[in-house]
Every structure is written in C-alpha cells, then in structure tokens.
Amino acid sequence: MSDFEWTGRVDGPGSEHARWHSVIQTDLAVSTAVAQGDRPSRPGVALIGFASDEGVRRNGGRQGAAAGPDELRTALGGLAIHDDMPRYDTGTVTYEGRDLEAGQEELSHRVAATVRAGHLPVILGGGHETAFASHRGLVRGLKNENSDGLRNLGIFNLDAHFDLRDADEPTSGTPFRQISEIDGENFSYTVWGISKANNTRVLFETADRLGVNYLLDEDLARATVNEVTEIAHKAAQDFKNIHLSIDLDVLPVSVAPGVSAPAALGVEALKVHAMALALAQTGKLRLVDVVELNPKYDVDSRTAKLAARMIHDIVAAHGRAMA
C-alpha cells in the first residue's frame, strides 16, 4: 500500500476527465494483491518506489535521490489519462540505514511478483542501484515462463554512463556490471547517450569486452528524431522481452538540473523521449525504471515534470501496444 496521497485538478466526473490521481488504485487490498503477485483485475501498470541513494553515496555522487519516488508521483498526478488501462501504486521500498543490499532484495521480490501477475512494473528511483534489483526481479519473474524468455531479454539504458564499474561493494555505478556477472551469456546490454568525457578508458574497454552496444551523446546529437526512432525500433527486433532503464542524467542540465550527476551536453529530451517510446510501442516492455531524480537540486521541478511526462507517454504507448 502506498502512503502517498495522490491529488490534482478535478474538472468533473467521468473517464473523460480522468487524470493519474483520479484513476490510480492505492487501496490496501488491491495494492497488496499486486505486490504479492495476485491478479486483482486485468493486468496493468504497477508503480513501485525505491527510496534509495546509498548507491549514489558510495559512488561519490550528490545525495538526494531517495526523495525521488514521491516527487515523480507528484508530477504524474495531474497528467490526463486517455485510456482505461489499470494503474496501481504498490508503495515504496525502503531500508534501514545503509543496508542497500537488503533494500535491493526486497525490491527484487516485489518486481518478480508484479511480473508474475502480468503487470508492467515501473520503478520510481532512487539511484541507479535500482536497476540491479529491478532486473533481478524481472529475471525471477520470467523464470516462470520459460528459458527462452531469459535468452531473449534485452537491457536498454538511456544514460550518460555505462555503470559498469568494478567496485568492492554495489553502488549506483555498478548495476550492469553486477547483472553481467549473474546473467553470463544471456547478458545483452545497449546504452544510448554515453558521454566520452565522463567514462574512463577502462569503462570503454569493459563495455567492448562484454559486447555492449552503445551510442555516444555526440552520435545522437547529429541524428534526427526520426533517425533515433528507427535505431530503437531496429534494436528491439532482436528481443522478446525488454528492460528499459532511464537515467535522467542523460538529459542536458538545462532541462534536467535535478540529478545526481548533471550532464554538460546530454541528449535532447525529444530524442530520449522518441527512443523510449519506440521501445514501448513494441509491446515487449517487461520492466521500466526511471532513476537519479534528485529533488534537492531540481529547479522549478523541471526534471520531475519531464520524467513524469516520459513515464506517462511510455505507459500510454505500452497500453496501446498491448490492447
């Protein structure tokens, strides 16, 4: 159950006036059923918060991402709904002190249950340490299908960083390195928006060794919106299931100041939006996480509002694809 109070503008009764705050289901019976993997009704989208920035602290970033989930909910609340797909809020995973690993395990179990119930989990981070936990949950959930689902699982990350660091303990910079070590030959990782200036040579070497597909922020700067859309459509063809991770620091600091590591160049918002929607339109999304929102530094809630619009549009596109 979510303790967050969803509020927003009310224009009148009926579905023609629907907004997130008026349709999202947060009551105890429904949210508990979704969180436990039961089917309270037909499958929909389930929000799960992860109030964590211990990984950011360990990685030397600006702390504050633990406050991200409710800021994203606030920004989503007033957005207008144009479909009847169920939306659930199953609450936020927290943990005591600096016990990140315990929090990741809890999030993993919540995601697995949600996937088994047929819902699309949308994880509201939290630092990018979120992605390791959410991905492990997706793998656990898909194991109930068949091994083919695991062999055809692609990770797509919109990010300025590879997050393939080698460290003594999990951080916001290690999630995809950790995933590669567990998934082995099934590891398939694509990153769009890499900043060459913010990733060391060893990270590029690691990416090459692991067979990572990537495009630099400079590559995307030279491409049109139509071109990046086509890139995403083609890349998705190789997979049955897709994990989409959006690190908001892929965006320029001018439109996304509220992140743990602001981007000097970044990737234009319309292009990030287009690539994410292209993946959602395939109907192959099985997991989405949106991470690194840091409300402490978010001028006029710019980052939260942009992130909420992306979540809103991804959900709508996924719903149309599954209809």
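This briefing walks through two pockets and one helix of the structure above. Please keep in mind that the model is predicted. The largest pocket has a volume of about 430 Å³, and the second largest holds about 260 Å³ of space. Helix H9, residues 201-209, has a buried side and exposed residues on the other.

**The largest pocket**
- This pocket is lined by 23 residues, and Pro43, Gly44, Gly118, His318 and Met322 are the closest to its centre.
- Helix H5 (100-116), helix H6 (130-142), strand E8 (285-291) and helix H13 (302-322) each contribute at least two lining residues.
- The top contributor is H13, which gives 4 residues to the lining.
- Sorted by class, the lining comprises 8 nonpolar, 8 polar and 7 charged residues.

**The second largest pocket**
- Here 19 residues form the lining, and those closest to the centre are Asn59, His161, Asp163, Asp249 and Ala261.
- Its lining counts 4 nonpolar, 9 polar and 6 charged residues.

**Helix H9 and its surroundings**
- Four residues of H9 are buried, namely Leu203, Phe204, Thr206 and Ala207.
- These residues sit on the same side of H9 because they cover an arc of only 160° around the axis.
- A general point helps here: an α-helix has 3.6 residues a turn, so residues three or four places apart point the same way.
- The buried residues of H9 pack against helix H8 (175-183), strand E5 (189-194) and strand E6 (213-216).
- Arg201, Asp208 and Arg209 are exposed on the other side of H9.
- Just after H9 comes Gly211, with a positive phi of about 70°.

Note on methods. Residues are numbered from 1 along each chain as its sequence is written. This is a predicted model: local features need pLDDT of at least 70, side-chain atom pairs count only at pLDDT 80 or more; totals for chains, interfaces and linings use all residues. Side-chain values use heavy atoms; hydrogens and water are left out. On a 1 Å grid over the protein atoms alone, a cavity is a set of points where a 1.4 Å probe fits but cannot get out, and a pocket is an open set with protein on both sides within 12 Å along at least five of seven lines; lining residues have an atom within 4 Å of a point. Grid points are joined across faces, edges and corners, and a volume is the space filled by probe spheres set on the points. Ala, Val, Leu, Ile, Met, Phe, Trp, Tyr, Cys and Pro count as nonpolar, Asp, Glu, Lys and Arg as charged, and the others, Gly among them, as polar. Buried means under 20% relative accessible area, exposed over 50%, partly exposed in between (1.4 Å probe, protein chains only). The arc is that of the directions from the helix axis to the C-beta atoms. Contact means heavy atoms within 4.5 Å.
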